[in-house]
Amino acid sequence: MPGSGLWRTKTVEQSILDTDEPDTKLRKNLGTWDLIVFGVSVVIGAGIFTIAAQTAGDVSGPSVSLAFLLAAVACALAALCYAEFASTVPVAGSAYTYSYATFGEFLAWIIGWDLILEFSIAAAAVAKGWSSYLHQVLSSIGLSVETAVPLGPLQLDWGAMLLVAVLVGVLVTGTKLSARVSLVITAIKVSVVLFIIIAGIAYIKPDNYTPFIPQAQSASESGPALEQSLLSLILGGETSNYGVYGLLAGASLVFFAFIGFDIVATTAEETRDPQRNAPRGILGSVAITTGLYVAVALVVTGMTHYTKLATGPDGESATLATAFQLNGVNWAASLISVGALIGLTTVVMVLLLGQTRVLFAMARDGLLPRGLAKTDERRGTPVRTTVLVGVVVFLAAGFFPFSRLAEMVNVGTLFAFSLVSIGVIVLRRKRPDLPRGFRAPLVPWVPVLAVVACLWLMINLTALTWVRFGIWMLAGVVVYFAYSRSHSVLAQRERAGLSEE
C-alpha cells in the first residue's frame with residue numbers, strides 16, 4: 001500500500017474496487033439531468049432567498065451583484081477541478097476521497113471532518129430558515145401558529161424538526177426518488193426566481209444604484225474588531241462594512257449561495273456514466289445559478305435603496321420579499337415566501353444527502369465505525385448513516401440557536417475547494433496514466449488560480465470565524481489520533497501484510 005502512517009494513500013484503483021463490496025454497494029441510477037437538478041436544487045435556496053438582500057443592506061450595498069460575480073469566478077475555477085476528479089475517481093465522498101488518493105490519510109480525514117462541519121451546520125441552519133418561512137406562510141393565510149415554542153431554557157423548533165424527519169424518510173427510500181422530488185420542487189423554485197427578476201424590473205429606480213460601492217463605515221459603527229474581515233484586520237482597515245473591503249467581504253458571504261455543486265461530486269458513485277455525467281452536472285449547475293444570482297441581485301438593489309435592506313435593531317434581516325414589500329407589492333412578497341418555503345425543502349434534502357455520502361465513505365475506509373457503511377440490500381442506500389445524520393441534524397435544528405452559520409460553512413467549503421484544486425495538479429503528476437473523462441483546462445494554472453481565489457475569499461471572512469474553524473479542526477485531529485488512525489482499513493491491511501511477511 002503506497003505510503004505509511006499519516007501519509008498512506010488509497011489508490012484510485014482500490015477506491016473504485018471498494019465500491020463493489022456487496023455490503024457497502026450503492027446503486028447506480030442517476031443521470032446528467034438528475035445531477036444538475038441536485039446541484040441547482042441545493043444551490044438555489046437559502047443563499048439567494050436571504051443572503052442577497054442581507055449582504056446588500058449590511059455589507060456591500062448595490063455592489064452585491066459584483067460580489068456574486070467574484071464568488072462565481074472562484075466557484076467556476078474550483079468546479080473545473082471537481083469535474084476532473086469526479087470523472088477520474090467516481091467514488092462517494094467528494095473532496096475526502098480525492099484527498100485520500102493524493103495527499104494521504106491524515107489530510108483526507110481533515111477534509112472529511114471539514115465536510116461534516118459544512119453539510120451538517122448548513123442543513124440545520126437552512127431547516128431553521130425553512131421553519132421561519134413556514135411561520136410567515138401560515139400567518140399570511142390567517143393561521144397564527146408559532147413554529148418555535150419555548151421549552152424551559154431552550155426553544156423547540158418543531159417546524160425544522162418536522163422537515164428533517166420527512167426528508168430523512170425520503171432519502172432512506174432511495175436517491176432516485178430524491179431526484180424526482182428535487183425535480184418538481186426545483187422547477188417551482190426556479191420559476192419563483194424568474195418571477196422575481198421579471199416582476200422586479202418594473203420597480204427598478206436607477207438612483208438606487210448610486211453609490212454602487214458605498215463609503216466605508218467608521219470603526220465605531222461597525223462593531224468589535226473580531227467581527228471585521230481578517231484581511232481588513234491585517235491591513236489595518238477600520239472596517240469591512242461597505243467600501244472596497246465591504247465588497248470583498250460581501251463576495252465571501254454570498255459564496256454561501258453557491259455551495260452545493262460540490263455535493264454533485266458526492267453522488268458520482270451512484271451515477272450511471274460518471275465520466276461524462278458528473279462534469280456536466282457540476283459545471284451545468286454552476287452556470288445556471290450564476291446567471292440567476294447576478295440578475296436577482298441587480299433587480300433587488302435597483303428596486304430598493306440598500307440602506308432599507310440593512311438588518312434592523314431587532315435583529316430582523318431583509319429577504320427578497322422585503323424589496324417587494326417596500327414597494328407595496330405585498331401579494332408578490334407572499335408568493336416569494338411560499339417559493340422560499342418550497343425551495344429550502346430541497347436545499348436541506350441535498351445537504352443531508354451530501355453529509356451521508358461523506359460519512360459513508362469515511363466509514364467504509366474504517367476512519368469511522370465500519371457498520372455505518374452498510375447499505376440496504378433492497379434500496380441500495382446507506383440507511384444507518386442516513387438515520388444517524390438525520391438524528392444529529394434533527395436535534396441541532398430543533399434545539400440549538402445558530403449565528404454566523406453562513407461564514408462557518410463558507411470557510412470550511414473554501415478550504416475543501418483549495419485542497420481539491422491542488423489535488424488535481426498532484427494527481428496529474430503522480431498518475432498521468434489514469435483515464436480522465438474530463439480534463440480541467442490549463443493545468444496547473446486553473447487549479448492555482450482556484451486556490452488563490454478561494455484563499456482570497458477566506459481571508460475576507462471575519463477573524464472570529466477563523467477562531468471557530470480552528471477549534472473545530474483541532475477537535476478533528478484529536479478524534480483522528482484517538483480512533484481513526486488505528487481503525488483505518490489501510491492500516492489494518494498494512495499490519496496484515498507485515499504479519500504475513
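Which residue follows α5, and what is the sign of its phi? The residue is G104, and its phi is positive, near 110 degrees. Helices here are DSSP runs of H or I with at least four residues, just as strands are E runs of at least two, numbered from the N terminus. The model is predicted, with local features needing pLDDT of at least 70 and side-chain atom pairs counting only at pLDDT 80 or more, while totals for chains, interfaces and linings use all residues. Residues are numbered from 1 along each chain as its sequence is written, and side-chain values use heavy atoms, leaving out hydrogens and water.

Helix α5 itself spans residues 95-102 and is mostly covered, with eight of its eight residues buried (under 20% relative accessible area, against over 50% for exposed and in between for partly exposed, with a 1.4 Å probe and protein chains only). Among them are the tyrosines Y96, Y98 and Y100.

A lysine is also found out of reach of the probe: K189, in helix α8 (residues 175-201), counts as buried because its relative accessibility is 0%. Leaving aside residues up to four places away in sequence, K189 touches V40, S41, I44, F49, G343, T346 and V347, where contact means heavy atoms within 4.5 Å.

Turning to the cysteines, the count of disulfides (pairs of cysteine sulfur atoms within 2.5 Å) comes to zero. C81 is in no disulfide, and the nearest cysteine sulfur, that of C454, is 8.8 Å away. For C454, the closest cysteine sulfur is in C75, at 7.6 Å, which is too far for a bond. Both C81 and C454 count as buried, each at 0% relative accessibility.
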